[in-house]
Every structure is written in structure tokens, then in C-alpha cells.
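Here is a walk through some helices, a pocket, a surface patch and a set of charged pairs. Have the viewer open and follow along.

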Amino acid sequence: MGIEICYVIVGMLILFAIFDLIVGVTNDAVNFLTSSIGSKAAPFKIIMIIASAGILAGVTFSEGMMEVARKGIFHPELFTMPELLIMFLAVMLTDILLLDLFNTYGLPTSTTVSIVFELLGSAVALSMIKLAAHADSGLGLVDYINSAKAIAIIFGILLSIIVAFASGATVQFISRLIFTFNYEKQLKYYGALWGGLALTSITFFIFVKGAKGATFMDPQMETWIKSHSLIIMGGIFAISAIILQILINAFKINIFKPIVLVGTFALAMAFAANDLVNFIGVPLAGLNAFKTAIASSDPMHITMGALGGKIHTQTFIMLIAGIIMVITLWVSRKARTVTETEISLGQQDEGMERFESVWLSRRIVNLFHSLFVSVQAVSPPIIGRIVARRLSPVPENSHAGVKEKPSFDLLRASVNLMVASAVVSLATSLKLPLSTTYVTFMVAMGSSFSDQAWGRESAVYRITGVLTVIGGWFMTALIAFVASFICGNIIYYFKIPGVVGLMIFLFFMILKNKKRHEGNEKTKEEITIYHLEEVEDFHSSVSATFGHIALHLQSIRLSLGTAFDALFQEDLETLREQRRKVKQFQMSSNIIIANIFKVLRLLQRTDRKGSFNYYQIIRRLQKINDGYRDTVIRSAMHVANRHKGLLPVQIEELKEVKTEILFIFEQVEIAFNKNDIVDCNHIGSRFHYLRDLVDEYNANQIARIREGSSKTRLSIMYYAISGNCVMMAKQTVKLLEIFNEALPSEDGANACRGLHLD
């Protein structure tokens, strides 16, 4: 490798530092945005401005953390400058690819774990290459790798998961016992003391413990702060408690709001101080190695022992990185996708769950349920009653709009931010790069656990989500190590062609992930159409519900028609595409059903008959979804298994069935969209025609079975599809009956009278 190539690699590292800042902040924005956004402590723009200010302040505290990239994982004195540049380039290529992949799917992962294991993978790759070339050197792999430091970092990260969850759960439990869910009454008694303690805690960890890493802090100032820390903290506690008490008494301010905003600033600051090394630490280490080598007489062969010493990083570089992070925070849509994942797993009320239940989550729920039953059995009943009373959630306000309600309250948000800030800042002061993602995520999960957000209706789904995220963390470590190891070998052996090939692969994957994310966002936007934003009165809610059902029926109609055609042509790819929509349509249906429950819970039961009919929508909608899902999945599996295709006569018969079922769907859609009374007789007659048609075709199918022209699997599918169509048509007409009866007119109740579907 020539010196010219080294110049190119250094330039690439600087360019990759910008890319890594973008994908890194996209992933880690969840760390400091979730609590303030989820609790709606302030308007979104105010939250973003405060977080941006925290980032710019935090980057100046990252000086001490930069040493991790230079000497935390390997011994630089055993490597030359070209070898380190190869190692660092492999790390950056892997990091950008890995983080962009996780961002695409909205899964928060650890930039710290990724960078540590990428450094470890590439260092092992280069070490093994050197060992193979110098077998007689007397050195082993453990001599090249700083195994003690690497193990300490990994252990610290794993320990932080347990500490963060336990801390979040404990502090939230105590805080909720003190304040209850109706915390406004207790604020005037304990709020100032609690808030003063919280602000003092975060100030201690950020400014005192973290002061050692600040670029602007001289040794004399550090010594003075450490020697007077108790006095400083006592003063901060007294001043903040007095100010908060004045805000409560004189201005009637909910002090949790400023505490959450201060916590957002603090955690954004802690994030920037702890995680900036993950984004620019490696490129800066490469730049330092290059400068050191160029200044020597033999730049290509001198070892990089100088990196083991103290190297000062200029403040303006940190600030430039901070500005890039802030810009990314404002413009990245993927950052909001990742944030939504954590908010959904911690929301107080049951709602649409992103994850399904798995056997492990069910086992965990059963284990904790048994544990709680055992604890209840041995605890004094009076203590149980007191705890249950103070931890009982406040009943919903029946007049509150759905749109206005936050995912969790300000008390939990403040606990999340303060506990996470304290843990992250303490680790920063110890130069231990624990994962801010792990800490903030597990603190949030611990507090939601104590807050009973994981109730019996949602626990298995929330735990599945947590297990999915944690599983992704372990996959991060494995993928980071293996991918970086491979990239290091490719760059070393193939030189420029290898770098070019990896660059092409990287940009191809980024473009592919971008398209996939845009597709996911489009699907999400389509689903949000079904959300019932406001609950005003019963009849307007009914009208909105049937408007949503019309959209849902339209989606099913189009997909069902495409699936029929694909089955006739044995087009497996199209059938698989329609099968992927099954889950999306089920989610849309669940949202509509959840809306119905919200309306029934929030509204007064002034119209019992209307409410009962409104409730019947749920059963009809579920049966339509069941018929659609069974038809699409059966068709896809039949073709995928390469079973014998439909006979020509069966295709002709099912084409007529298809025409009738799609016609009924379309007519009911039109009726719902017009929001006016519809005569059911015309649509009912088409249903009767469809049912008679299917009876006739089923008799024909019996004859085909007897003569042996239709095999068993083909016959099963044929009967299932035709039966599903009759069932879906019947339920669709039943929805039309409910629609007419729900309209505020006596004519509606009579519009479908005399219609017999059974």
C-alpha cells in the first residue's frame, strides 16, 4: 500500500464520519426524545430545540471518551499506520451499514456495542494477518488485543442493562407511591423536594463527574469542583427546591414539565458526551495516526505507540460534529420511526401493539404472575390495600379527545430522563462507554413495568417487543464483529478493488434500505387513516367508523381480486405479495375495532340499542377478515407447494363467484361513503344469487370428486374459497344493515326489514 492510498483512506474516513453521525443520531435520538415526546411535556419544536442545545453542550464533554477508539480495544504500538487505516476503514463501512439497517426497521440498537465489536473484529482480522506473516515473533492474539479493557467494556454494557431496568423500576415505584397517578394534589407537598433532588442528581453527574472530560475544563477547575462538590450540590438542591416551590405556589405550574425539559437537555448532553466517540472517534484516530506517521522518517512502517498517549481533540471539531448531529435530528424521518418503537412499548394504555406474543414472553408473564401471587399471599393485607390504592390509575376522562392524550404521564417521563441521565453520565465520567440506548431503553421499560403499563392485556406483547430489541442488541455484536472482520480481510488483500467493491455494496444497501423504509412509512400512513382522532358524539363516531370500514373493504376487495387472478394463473410472486398485506389489513381492522371500544367506553350509554348494533360491527368485521385471510393464505400455500392447479371449469366457476363477491363489497363501500340510507334489497338479492351459485358449483364439485378429476387438496381449497366468499358476502350485507339502523332516522331501521340472509 502506497502513501497515496493512505491519503485516500483518510479522506474516506472523514467523509464516513459525517455519514456515521447521520445514521448514529438517527438511531440514538430515541434516547432523549422518547420521554418528552411520549408525555407531551411541550410542543414538538420546543422539545427539539432543547435537545439540540443539549447535544451542542454535550459534545464538549467527549474528550476523555475519544481515547477508547485509539487504544481501548487494541494495542496501537503493535500496528503500523497503514494497518490501522485498514482497520478503521473496515469499522466505518460496517458501522454505517449496520446502523442504517436497524434504523430502517425502527429498532433501537447500540452504537457503542456496534463500534466496540467492529473495532474488535477488524483488530482481530489484522492481528491474525500479522501473526500469519510473522509466526516467529513470539506474540499471540491476546498480545494485540486489549482484552482486559474490551472485557470491561462488554461487562459494563451488560451490567448497565440490569442496573438501568432495576433503577428505573425502583425509582418509578417509589415516585408513584409518593405522588400516585393523580399527582397534582401531592405536588404542592412533595414536588419541590422531589424536583430539587432530581435536578441536583443530574447536575452532580453531568457537571461534577463529567467535568473531567470537558475540553474547556482546566485541571485547577476540576480539582476545585471535586473538593467542593458537597457544598455545590447542597446549594443546587436548596436553590432548585426553593424555585420549584415558588413555581408551584405562586404560578400554579406543573413542575414536572420543566423537569422533563431539563432532563431532555441533560440526557441529550449525556448522549453527545458518551456517544460522540462512536461516530467520529475512529476517523479522528485514523487522522491522528496519519499525522503522526507523516511527521516521522518512515511513515509506512513506524508503529503507532504515540496513539497510546494523551491526544487533545480541538473543540471546534466537536462543535462541527454537534451541528451535524442537530441537523440530522431535525430532518431524519427514521429517527422518528425508532422513537415510535420505544413509545409504543411504554405507553400506559392498551392499544395497537406492534409485536405479537411468543412462547418466551408468555412464559415470562406466567412466571411473574406466579411471583406476584406468592408475594401477595405472604404480605399483610393492609399493606396490599394501601399500595393498590396509591398505584391505582386515574379513570379516563370521558370528555377527553383521543388525540390529546399522551402515551404516559409527566412523572414517569421525568423519572426516565433523570435516572437514565445519571447512569449514562456516571459511566462517561469513568470513561466507560456503556450504551445510552441500552440504558434509556431499559430505564423506560423498568418504569413502565412499575407503572403497570404492562397489564394483563398487553404484557405478552410488550415483553415480546423488549425481547426483540434485546435480541437485536446481541445480533448487533455478532454482525458487527463478523462483518468488520470480513471487511478488514477484503481491504487488506484486495486493496483498492476491494474498497471499491465494498463501497458499491454499501451504497446499494443504503438505497435498498431507503426504499424499504419509504414503503414501511407509506404503509404506516395508510394505516393512520383509520385512527379516530376525536370522539365528539355517538352518531358522528358511527359515521367515522363506517367511513373507515369503507376504506378497509376497498383494500380487501382490491387485494382479493388480485389474489383470485394470481391463483388462476398460478402466479406465486403476486400471491406472496397479497399474503404480505394480510397482516396490514388485520392491523387496520384492529384499529377500527379499538376505535369502537374507545367510543363505547368514553361515551354515555344514552342509546342502548344503537350501542349494541355498533358493537356488532366487531364480529362482522372479524369474520370478513378471517375469510379474506384464509382465502389468500390457502391460495398462496397451494401454489407455493406446487399442487395441481385449478381445472378450467373450476376457474370459470370461481370467476363468477369473484364477480359477485367483489360487486357486493363495492356496493356496500359506496353506501358507506354516501353516508345515507340504502335499500338493502338489491344487494341482498345479489347475496342470495351468490349463495345459490355456490350451492350449484359445490354440487358440480362433488361430481368432479367422484369421477376423480379433482384431487383432494384441490377440492379442499375450492370448497374453502367458495365458502369464504359466501361468508364474507353475508357479513358485508350485515354491516349494511347495522349502518342503516345506526343512522338517526326511522327510515334506516326499516330499510333492511324483511331481508333474510340465513
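## Helix α25

In this predicted model, 23 of the 31 residues of α25 are buried, so the helix is largely enclosed by the rest of the structure. Helix α25 runs over residues 712-742, and from its first C-alpha to its last it reaches 45 Å, close to the 45 Å expected at 1.5 Å a residue.

There is a charged pair in here too: the side chains of Lys734 and Glu737 meet in a salt bridge, at 3.9 Å from N to O. The cut-off for a salt bridge is 4 Å. Lys734 and Glu737 sit 3 residues apart in α25, so about one helical turn separates them. Both Lys734 and Glu737 are buried.

## Helix α24

Next up is α24, residues 680-707. Its 28 residues should span 40 Å at 1.5 Å a residue, and the end C-alpha atoms are 41 Å apart, which agrees.

Which residues of α24 are buried? The list mixes side-chain types: Ile683, Phe687, Leu690, Leu693 and Val694 are among them, and so are Asn698, Gln701 and Arg704. Cys680, Gly684 and Tyr697 are buried as well. After α24 comes Gly708, with a positive phi near 85 degrees.

## Salt bridges

Side chains of opposite charge can pair when their charged atoms come close. How many salt bridges does the structure hold? The count is 11.

Take Glu83 and Lys130: their closest N and O atoms are 3.2 Å apart in a salt bridge. Glu83 belongs to helix α5 (residues 81-104) and Lys130 to helix α6 (residues 111-133), so this pair ties together parts that are 47 residues apart in sequence. Are these two partners buried or exposed? Glu83 is buried, and Lys130 is too.

Asp626 and Arg629 also form a salt bridge, with 2.7 Å between the closest N and O atoms. They are 3 residues apart in helix α22 (residues 608-640), so about one helical turn lies between them. Asp626 counts as partly exposed because its relative accessibility is 35%, and Arg629, with a relative accessible area of 29%, is partly exposed as well. Back with the charged pair of α25, Lys734 and Glu737 are joined by a salt bridge. Elsewhere, Arg176, Asp409, Arg412 and Asp451 are joined into one network by salt bridges that share partners.

## The second largest pocket

The second largest pocket has a volume of about 1,400 Å³. It is lined by 35 residues, and the closest to its centre are Phe368, Phe372, Phe449, Ser450 and Gln452.

Which elements give two or more residues to the lining of this pocket? They are α8 (147-179), α15 (359-378), α16 (381-390), α18 (436-450) and α19 (459-528). The most comes from α15, with 9 residues.

## A nonpolar patch on the surface

On the outside, Ile46, Ile49, Leu56, Ile323, Ile327, Trp330 and Val331 make a nonpolar surface patch of about 620 Å². The elements that give two or more residues to this patch are α3 (44-58) and α13 (315-331).

Between them, α13 gives the most, with 4 residues. Ile49, one of the patch residues, lies in helix α3.

Technical notes:
Residues are numbered from 1 along each chain as its sequence is written. This is a predicted model: local features need pLDDT of at least 70, side-chain atom pairs count only at pLDDT 80 or more; totals for chains, interfaces and linings use all residues. Side-chain values use heavy atoms; hydrogens and water are left out. The expected span of a helix is 1.5 Å times one less than its number of residues. Buried means under 20% relative accessible area, exposed over 50%, partly exposed in between (1.4 Å probe, protein chains only). Patches are made of residues with over 30% relative accessible area and no salt bridge: like charges are joined within 9 Å, nonpolar side chains (Val, Leu, Ile, Met, Phe, Trp, Tyr) within 5 Å. Accessible areas come from the Shrake-Rupley method with a 1.4 Å probe; for residues, only the protein chains shown count as cover. On a 1 Å grid over the protein atoms alone, a cavity is a set of points where a 1.4 Å probe fits but cannot get out, and a pocket is an open set with protein on both sides within 12 Å along at least five of seven lines; lining residues have an atom within 4 Å of a point. Grid points are joined across faces, edges and corners, and a volume is the space filled by probe spheres set on the points.
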